[in-house]
Each structure stands twice: as C-alpha cells, then as structure tokens.
Amino acid sequence: MGIIMRERRTFKTIDLVYIGLFAALIAVCAWIAIPLTVSVTLQTFAVCLTAGLLGWKRATLTTIVYILLGIIGLPVFTGFNSGLAAVTGPTGGYIVGFIFTALIVGFAVEKVGRKIWQNVVFMVIGILVCYLFGTVWFVIAYKVSFVSALSTCVIPFLLPDAVKIVLAAVLVNRLKRFVK
C-alpha cells in the first residue's frame, strides 16, 4: 500500500505581497467613480482581475483583507467610506458578495483555464452570485420587493459590469504569465 502525501502549501512572502497589492487595487478602484445615470465604480473589475490572476485562495483572502481594512476604519469603500456600518448596511451585501465572486472566479480559473472566453463566463457567474447575495441583503434591509431591488441595484449596472468583465478577462489573459 502506498501512502498518499498531500502537498502542503504555505503562504510565501510573494503571496502576502500579492494579497496586499491587490487589496490596495480593489480600494483604489472603489474610489474611482464614473458618473453615468448611476455612479459606477471599478470594484467589480478589480475583484474579477484579482481572482483571475491570483486564484481562489489568494483572491478570497485578498477580498477578506480588503473588507477587514474597511471595517477597522480605513476609507477603502466607495466614496471613501469605512466602518462596520458600510458592510452591514443596505448595500453591504454586495461588498460581502465580492468574497463569493473571488472564490468562484478564482476556483474556476485555476481548475478549468484562463482563455478569454472562459474568464468572461466565470466572471459573469461570479458577478451574478454577488448580485444575488447583495440584492437579497438589500431586500431584507430595505424591506422592498426583489424586483424593485433588481431595478435599483442590478439593472443599471449590467452594461458597465459587462464592460468591466471583458476588460478584466482580457487583462487576466495578458498578465497571467507575470503573476506567480
């Protein structure tokens, strides 16, 4: 009988550097607001890019670090907001949903591949899960119908998020060879 040995992966210095760097990238992208009919930030772009480049473990940790930085008071959320209220408030579900987006996109990219079309599919699924989580949270917080929440919190962001997903997918495809 053979003994099956598992590979034990410990975090190396480079992993910690990537986690810190990409948490900062998500924060900076949260501050960049594009004024359309609704203000659009680049957070979802940064989360998708992070997950596509770092894989599920490092991307999920990056997103958690980003959220924890905001909770402890650093102004990393949209509009330079911070604190527990930003995460537990009516739109906090979308912030928490970033964790699921990072997990789904990062896992799929690691296990299936990083072709541009695959990245787009994985990122769409990840963002849809974020939308679902955040919209349900919004419905509970504001006591509105699901349809009303969708029209307020999702529909205005579909086209901008589609553009961000395509851009993130292309960048992941181009930059993957530079990220260890």
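Against which elements do the buried residues of α1 pack? The legends below address this point and related views of the predicted model.

**Figure 1. Helix α1 and its buried residues in the predicted model.** The buried residues of α1 pack against β2 (39–41) and α2. Those residues are D15, Y18, I19, F22, A23, I26, A27, C29 and A30. The helix comprises 19 residues, and the distance from its first C-alpha to its last is 28 Å. This span is close to the 27 Å expected at 1.5 Å a residue.

**Figure 2. The aromatic pair Y18 and F22 within helix α1.** Seven aromatic pairs are present in the structure. In the pair formed by Y18 and F22, the ring centres lie 6.3 Å apart and the planes meet at 55°, so the pair is classed as tilted. Y18 and F22 are four residues apart in helix α1 (residues 13–31), which means that about one helical turn separates them. Both Y18 and F22 are buried.

**Figure 3. The stacked aromatic pair W31 and F80.** The rings of W31 and F80 are 4.9 Å apart, centre to centre, with 20° between their planes. W31 belongs to helix α1, whereas F80 is located in the loop between α2 (43–71) and α3 (84–88); the pair therefore ties together parts that are 49 residues apart in sequence. W31 has a relative accessibility of 34% and so counts as partly exposed, whereas Y18 and F22 are both buried.

**Figure 4. The crossing of helices α1 and α2.** The axes of α1 and α2 come within 9 Å of each other and cross at roughly 140°. Angles over 145 degrees would count as roughly antiparallel; α1 and α2 are therefore oblique to each other. Their crossing is left-handed. Helix α2 is also one of the elements against which the buried residues of α1 pack.

**Figure 5. The packing of helices α4 and α5.** Helix α4 spans residues 92–111 and helix α5 spans residues 116–142. The two helices pack at an angle of about 155°, and their axes are 8 Å apart. Because of this angle, α4 is roughly antiparallel to α5. The crossing of α4 and α5 is right-handed, whereas that of α1 and α2 is left-handed.

**Figure 6. The aromatic cluster of F100, F133 and W137.** Ring pairs join F100, F133 and W137 into this cluster.

Notes:
Residues numbered from 1 in each chain as written. Predicted model: local features only at pLDDT ≥ 70, side-chain atom pairs only at ≥ 80, totals over all residues. Heavy atoms only, no water. Phe/Tyr/Trp six-rings, centres within 6.5 Å; stacked < 30°, edge-to-face > 60°. Buried < 20%, exposed > 50% of the residue type's maximum accessible area, 1.4 Å probe, protein only. Expected span 1.5 Å × (residues − 1). Contact = heavy atoms within 4.5 Å. Axes fitted to C-alpha atoms, helices over the stretch in contact; angles between N-to-C directions. Parallel < 35°, antiparallel > 145°, perpendicular 65-115°, else oblique. Left-handed = near helix turned anticlockwise from the far one by under 90°.
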